[in-house]
Amino acid sequence: MSSGTDEDSSHCSTPDSDGEVASEIAIISFERKLDTAEKIKAEIGDRYDAVDIIEYHGDVFEEHWGEYDCFVGLMASGIAMRKTAHLLDDKWDDPAICVVDEELTWAIPITGGHHGANQVAQDLATMGAVPAMTTASEAAGKQGVESKAKAMDAHVVNGDSTVKTNLAVLDENLGPVARLDGPRAVLVSDDVTVLKRNKDDGVVIGTGSVSGADKEAFLAAWRKALDQTEYDVDDVEFVGTATRKEDEDGLLEAAQELDLGVVAFDKETLLDHEGPTPSKSKELIGWPGVSEASAIAGGRERELVLEKISYEDEVTVAIGK
């Protein structure tokens, strides 16, 4: 029995099998916890194409297996593990599973961390839950290749390669994602992960800032920049910045509010895509202007739609495509 939704719960969608973000999730809840399930849906529902609430019974996971990208079990982890273990087959085809307790203290990805469960755990963190992620790259505070794909609005084509490339992420040997545009043929070995863009148009927001710039400053700066172009937030593929800025809380909070991924480029990549506007940072610390270089590096055509503008001397923005 479904609760709290006007939609038919039988979506029969293809599970999240290639590193894309989870788009359709089901909250599996005991009857006594349905109020909490409703709170979760109200908080994170607008971040997904569909969020259904389904009351728990013994065969609920088996009954709906393959219909959703991710199950959110509002229950003890042991229950979810026992009820789904026999259903698991392939991490690229199986739905992800994340469990959360009734008090929203912990959000624990059990399976499919890189295929939706980590994403849901991070969303539940906005309600106060601590995301207990154990995938190696995330546990080490690094962005695995599946997470890179999500941030760049892309999906992984050759899943078996991610074991080796994520080990390279842990060892800090992977380097930046190279962007190739066709038509062309590319020959790769089994330690090269291929990411395919989900769409071929749109723009990239390149951004830099002074340390400590808050979320509102980033949001205002980005909107100011987009207002000077023919594009709006819906046209933005992702936010580009420098690795030295990737931990700025204000930037990450602003990107999350707009449901945008953040891609951080290293110094060498930015130097290869330096923009036309002179930057004091080049003289002082050897880095090119972050906003223009990251907008160019991230864009398909490697060109600027809008050269660097500044907001309140706190945030710089450029738009690339």
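Which ring does the charged end of arginine 32 sit over? The close-ups below, all from a predicted model, start there.

**View 1. Arginine 32 over a phenylalanine ring.** Here's the pick: the charged end of arginine 32 sits over the ring of phenylalanine 30. The distance to the ring centre is 5.2 Å.

**View 2. Arginine 244 over a tryptophan ring.** In this close-up the ring belongs to tryptophan 287, and the charged end of arginine 244 sits over it. From there to the centre of the ring is 5.3 Å.

**View 3. Phenylalanine 61 meets phenylalanine 71 edge-to-face.** The structure holds five aromatic pairs, and this is one of them. The ring centres are 5.4 Å apart, with 85° between the planes. Phenylalanine 61 comes from helix α2 (residues 60-64) and phenylalanine 71 from strand β4 (residues 70-74), so the pair ties together parts that sit 10 residues apart in sequence. Both phenylalanine 61 and phenylalanine 71 are buried.

**View 4. One aromatic cluster built from four residues: Phe61, Trp65, Tyr68 and Phe71.** Pull back from the previous pair and you'll find Phe61 and Phe71 again, now with Trp65 and Tyr68 in the cluster.

**View 5. Cysteine 70 and cysteine 98, with no disulfide.** The disulfide count for this model is zero. For cysteine 70, the nearest cysteine sulfur is that of cysteine 98, 6.1 Å away, while a disulfide needs the two sulfur atoms within 2.5 Å. Cysteine 98 is likewise in no disulfide, and its nearest cysteine sulfur is that of cysteine 70. Cysteine 70 is buried, with a relative accessible area of 0%. Cysteine 98 is buried too, at 0% relative accessible area.

Note on methods:
Residues are numbered from 1 along each chain as its sequence is written. This is a predicted model: local features need pLDDT of at least 70, side-chain atom pairs count only at pLDDT 80 or more; totals for chains, interfaces and linings use all residues. Side-chain values use heavy atoms; hydrogens and water are left out. Buried means under 20% relative accessible area, exposed over 50%, partly exposed in between (1.4 Å probe, protein chains only). Rings of Phe, Tyr and Trp (its six-membered ring) pair if their centres lie within 6.5 Å; planes under 30 degrees apart count as stacked, over 60 as edge-to-face and the rest as tilted. Helices (H or I, at least four residues) and strands (E, at least two) are DSSP runs, numbered from the N terminus. A charge sits over a ring if NZ of Lys or CZ of Arg is within 6 Å of the ring centre and within 35 degrees of the ring normal.
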